[in-house]
Amino acid sequence: MIISYLCSMIKVASFTFNPFDENTFVLSDETGEAIIIDPGCYDDSEKKTLSNYIENNKLKPVKLILTHAHIDHILGNNYVSSKYKLDLEMHAEDVELLLAAPVYGQVWGIHAEPSPSPSKLLKPGEYIKFGKSELHILFTPGHSKGSISFYSKDDKFAIVGDVLF
C-alpha cells in the first residue's frame with residue numbers, strides 16, 4: 001500500500017513493507033530529487049513497488065537515510081544502494097545494530113543481507129538537503145541508541161521512525 005501526502009513543498013510517500021509491516025518513506029519536491037528513508041523492502045515485489053513509484057514519478061533519488069538500524073528498517077539497504085548508486089547515511093550510535101542485522105535475521109527466521117556501511121554519520125543539528133528542501137536532524141534516542149528524526153519546519157511534519165509507536 002502506498003500512502004501519499006502533499007505538504008507545501010515536500011511530497012511524502014509511505015510504503016508498508018516486510019513481515020514486520022515497517023514504513024519506508026520517499027520524500028521528494030518539485031525538482032524531482034528524492035530521499036529514501038528506512039528502505040524496508042524485503043522481497044522482489046516490494047522492491048518493484050518502490051522502484052515503480054520512483055520511476056513512475058520521474059524521481060531522482062539522491063540520499064539513502066536511516067532513522068535507526070533495526071532489521072525491519074534496513075532490509076532494502078543493499079537494493080536501494082546498488083540500484084540508485086547511493087551511500088548510506090545514519091547516526092553513529094546505530095552502526096552496531098546495522099552490522100548485527102544478519103544475526104538478528106537468523107533469530108527472526110528471515111534472510112538479512114549485510115548492509116553497506118554508512119559513508120556519512122548524521123549529527124543532530126545538521127540538515128539533510130535535497131532539491132529545494134531541507135530537513136532538520138533531531139537526536140531522538142530511546143527506541144534505539146541512535147534513533148534520529150527528520151523535521152521539516154516549512155511543511156510542519158516529522159519522520160520519526162519508531163520513536164512514536
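This passage looks at the nonpolar cores of a predicted model and at two of its residues, D162 and P116. Local features need pLDDT of at least 70 and side-chain atom pairs count only at pLDDT 80 or more, while totals for chains, interfaces and linings use all residues. Residues are numbered from 1 along each chain as its sequence is written, and side-chain values use heavy atoms, with hydrogens and water left out.

The cores come first. A nonpolar core here is a set of buried Ala, Val, Leu, Ile, Met, Phe, Trp, Tyr and Cys residues joined through side-chain atoms within 4.5 Å, buried being under 20% relative accessible area, exposed over 50% and partly exposed in between (1.4 Å probe, protein chains only). The largest one holds 24 residues, of which V26, L50 and V80 touch the most other members. L50, for its part, is in contact (heavy atoms within 4.5 Å) with F15, F17, T24, V26, C41 and V80, leaving aside residues up to four places away in sequence. Apart from this core lies another, of 16 residues, L27, I128, F130 and L135 among them.

D162 is buried yet has no salt bridge (a side-chain nitrogen of Lys or Arg within 4 Å of a carboxyl oxygen of Asp or Glu). K145, the nearest side chain of opposite charge, sits 17 Å away; Lys and Arg count as positive and Asp and Glu as negative, with His and the chain ends not counted. Beyond four places in sequence, D162 touches H68, D72, H73 and H143.

P116, at 21% relative accessibility, counts as partly exposed. Its contacts, again skipping residues up to four places away, are N77, N78, S81, L88 and L98.
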